[in-house]
Amino acid sequence: MSVNKRIAVLMGGSTAERMVSLRGAKVVIKSLKKLGYFVFPIDTGKITGKEFAMKLIKLKIDAAFIMLHGPIGEDGT
């Protein structure tokens, strides 16, 4: 079943909770794929702000699933 939606899973980051984020994202990615979504994992700790924005535009993302933990994630920055 394909729902034809392109979902970016934002994960990782550069905080002390990076590994928690990556582990959780792995489960989310597997579940979204099983539901038929096109999933694009993006490790925000390995990409600059401008590169991040350009990547989202290039991939034509419909929605983002935010799996970031701690500062620069859960706090909205």
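1. Quick vocabulary first: helices and strands here are DSSP runs, with at least four residues for a helix and at least two for a strand, numbered from the N terminus. With that in hand, the protein chain has two helices and three strands. Keep in mind as you look around that this is a predicted model.

2. Now follow the chain from its N terminus: the elements come in the order β-α-β-α-β. Helix α1 covers residues 18-34 and strand β2 covers residues 38-43. Helix α2 takes up 49-59.

3. How does the overall size fit what you'd guess for a globule? A compact globule of 77 residues would have a radius of gyration near 11 Å, and the protein chain has 12 Å, so the two agree. If you'd rather think in box dimensions, the C-alpha trace spans about 35 × 25 × 20 Å along its principal axes.

4. Next, inside and outside. Of the 77 residues, 30% are buried. The accessible surface adds up to about 5,300 Å², and carbon and sulfur atoms own 62% of that.

5. Have a look at the contacts, too. Take those between residues at least 6 apart in sequence: 76% of them join residues at least 24 apart.

6. On to charges. The protein chain carries 13 positive and 6 negative ones, and the mean positions of the two sets are 12 Å apart. Side chains of opposite charge can pair when their charged atoms come close. How many salt bridges does the count come to? One.

7. That pair is worth finding on screen: Arg18 and Asp43 form a salt bridge, with 2.6 Å between the closest N and O atoms. Arg18 belongs to helix α1 and Asp43 to strand β2, so to speak two distant parts of the chain, 25 residues apart, get linked. Are these two residues buried or exposed? Both Arg18 and Asp43 are buried.

8. For contrast, try Lys30, which also sits in helix α1. Lys30 counts as exposed because its relative accessibility is 66%, and the cut-off for that label is over 50%. Between the C-alpha atoms of Lys30 and Ala63 there are 16 Å, with 33 residues separating them along the chain.

9. Last stop, Ile47, in the loop between β2 and α2. Why does Ile47 count as partly exposed? Its relative accessibility is 21%, while buried would mean under 20%. Leaving out residues up to four places away in sequence, Ile47 touches Phe52 and Lys55. Its C-alpha atom is 9.1 Å from that of Gly13, which is 34 residues away along the chain.

Note on methods
Residues are numbered from 1 along each chain as its sequence is written. This is a predicted model: local features need pLDDT of at least 70, side-chain atom pairs count only at pLDDT 80 or more; totals for chains, interfaces and linings use all residues. Side-chain values use heavy atoms; hydrogens and water are left out. The radius of gyration is taken over C-alpha atoms; the globule rule is 2.2 Å times the number of residues to the power 0.38. Buried means under 20% relative accessible area, exposed over 50%, partly exposed in between (1.4 Å probe, protein chains only). Contact means heavy atoms within 4.5 Å. Accessible areas come from the Shrake-Rupley method with a 1.4 Å probe; for residues, only the protein chains shown count as cover. Lys and Arg count as positive and Asp and Glu as negative; His and the chain ends are not counted. The place of a charge is taken as NZ of Lys, CZ of Arg, CG of Asp or CD of Glu. A salt bridge is a side-chain nitrogen of Lys or Arg within 4 Å of a carboxyl oxygen of Asp or Glu.
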